[in-house]
Amino acid sequence: MKILVLNCGSSSVKYELYDTELGRALAEGIVDRIGEERGVADHGQALELVSERLVAPGTGALGGLDEVDAVGHRVVHGGARFTSAVKVTPEVLTAIEECVPLAPLHNPPALLGIKEAMRLLPSVPQVAVFDTAFHAGLPPRAHVYALPYHLYRDHGVRRYGFHGISYQYVSQRLDVLLGGRLAELKTVIAHLGNGASVTAVYGGRAVDTSMGLTPLEGLVMGSRGGDLDPGVLLFLQQKLGYPVEEVDRLLNEESGLLGVSGRSNDMRDILAGVEAGDERCRLALELYCYRLRKYVGAYAAVLGGLDVLAFTAGVGENSPQVRELVCADFAFLSLRLDPQANAAARGCEAEIQAEDSAVRVLVVPTDEERLIAEETAALVLG
Ligand code: ADP
């Protein structure tokens, strides 16, 4: 089957045309600067541009749009309602709409993308794949915040978790790499991209995860600081007079690696800064790795042990230095890296623990588009 995978953000549409028989992408690309002065006007025009590219004589991957068997959409927030991917129906659209307050930046463009794809390809099934679904089985002790209970019951204020599409893909690969035994292994997966989170997995499902109601909680990220005393927010507003929009910007865009280093949200720049002797870059790197180490330790306690630690996404796949800093001093869990294997693992699947390590440490490049395509194909074939 040929599946068009769409990932619609507020100002961009990423797309991939995936062939499930060949097991690879036939075309991929991005339309960005949507809504900007010289960019395309809106998501409708962006999708028209995508379809023009796909069928362009000579360069396009398709003879005609009728070759698309289904469209798979990435939807960031499925709330408590969606525990797996679903075919889009009017009821599903309404339910995704109801999740907008939980993801005001992410769900509206995904909805636009679905509606425009339905307009462009009216007879093609559309499937929504949710970033929250992998975490749907988190037990109450992991997903309820210790706030007044009515906020949970009446307003859905709870931990949802994100990066679920990536965790699901990496789990499937780990299961293959570990000889079909993932379900019985106590596993921690760290997804370290621009946004970063870490998840404890057992029995093929998440049992705890670091992101919460929103993608702000947990690890130190490119421009988000993760865990924070909520009193800091009161201090900013009550003592320093920050308006709420500025607190929002500070938390989402000005913190994390960027905030601490004052240089960049990109780990490559931070590592280069460390090389050049920049103290604030060193501090940012230390905070980043220290926070992740705390989570790995906490999740080992949650799982009652640790059999497998896996790294994925930009930093996890490409930075031996970060993996080394995270894994150092875990000898008390009998976790030891093989320095050569770690140094050699860049952007490819690899096992990097030392021979005498009781914990297996793996690098698994993520492929969210592929998972969306496979979930979409499976639902459509029914
Ligand atoms: P996104 O969340 O946007 O999909 P990615 O998974 O592509 O992000 O990860 C982006 C991050 O990966 C950036 O911080 C980037 O610096 C980091 N990264 C990419 N390559 C390397 C590398 N060779 N060494 C360290 N960090 C890297």
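**Ligand surroundings and helix packing**

An oxygen atom of the ligand lies 2.2 Å from an N or O atom in the side chain of Asp266. The model described here is a predicted one. Two further polar contacts of the ligand involve the backbone of the protein. In one of these, a ligand oxygen atom is 3.0 Å from a polar backbone atom of Asn194. In another, a ligand oxygen atom is placed 2.9 Å from a polar backbone atom of Gly314. Asn194 is flanked in the ligand surroundings by Gly193 and Gly195. Asp266 is accompanied there by Met267, Arg268 and Leu271. The remaining residues around the ligand are Ala313, Val315, Asn318 and Ser319, together with Gly314.

Helix α3, residues 107–120, packs against helix α1, residues 43–55. The angle between these two helices is about 55°, and their axes are 9 Å apart. With that angle, α1 is oblique to α3, and the crossing of the pair is right-handed. On the α1 side, the contact is formed by His43, Gly44, Leu47, Glu48 and Ser51. On the α3 side, the residues involved are Pro109, Leu112, Gly113, Glu116, Ala117, Arg119 and Leu120. By class, the contact of α1 with α3 comprises five nonpolar, four polar and three charged residues.

Helix α3 also packs against helix α2, which spans residues 90–98. Here the angle is about 160°, and the axes of α2 and α3 are 9 Å apart. Angles over 145 degrees count as roughly antiparallel, and α2 and α3 are therefore roughly antiparallel to each other. The crossing of α2 and α3 is left-handed. From α2, the residues Leu93, Ile96 and Glu97 take part in the contact. They meet Asn107, Leu111, Ile114, Lys115 and Met118 of α3. The contact of α2 with α3 contains five nonpolar residues, one polar residue and two charged residues.

A further helix pair is formed by α7, residues 230–239, and α8, residues 244–253. These helices pack at an angle of about 140°, with a separation of 10 Å between their axes. This angle makes α7 oblique to α8. The crossing of α7 and α8 is right-handed. In α7, the residues of the contact are Leu233, Leu236 and Gln237. Their partners in α8 are Val244, Val247, Leu250 and Leu251. The contact of α7 with α8 consists of six nonpolar residues and one polar residue, with no charged residues.

Terms used: Residues numbered from 1 in each chain as written. Predicted model: local features only at pLDDT ≥ 70, side-chain atom pairs only at ≥ 80, totals over all residues. Heavy atoms only, no water. Axes fitted to C-alpha atoms, helices over the stretch in contact; angles between N-to-C directions. Helix = DSSP H or I, 4+ residues; strand = E, 2+ residues; numbered from the N terminus. Parallel < 35°, antiparallel > 145°, perpendicular 65-115°, else oblique. Left-handed = near helix turned anticlockwise from the far one by under 90°. Contact = heavy atoms within 4.5 Å. Nonpolar A, V, L, I, M, F, W, Y, C, P; charged D, E, K, R; others polar. Near = heavy atom within 4 Å. Polar contact = N/O pair within 3.5 Å; in protein donor to acceptor, adjacent residues only side chain to side chain.
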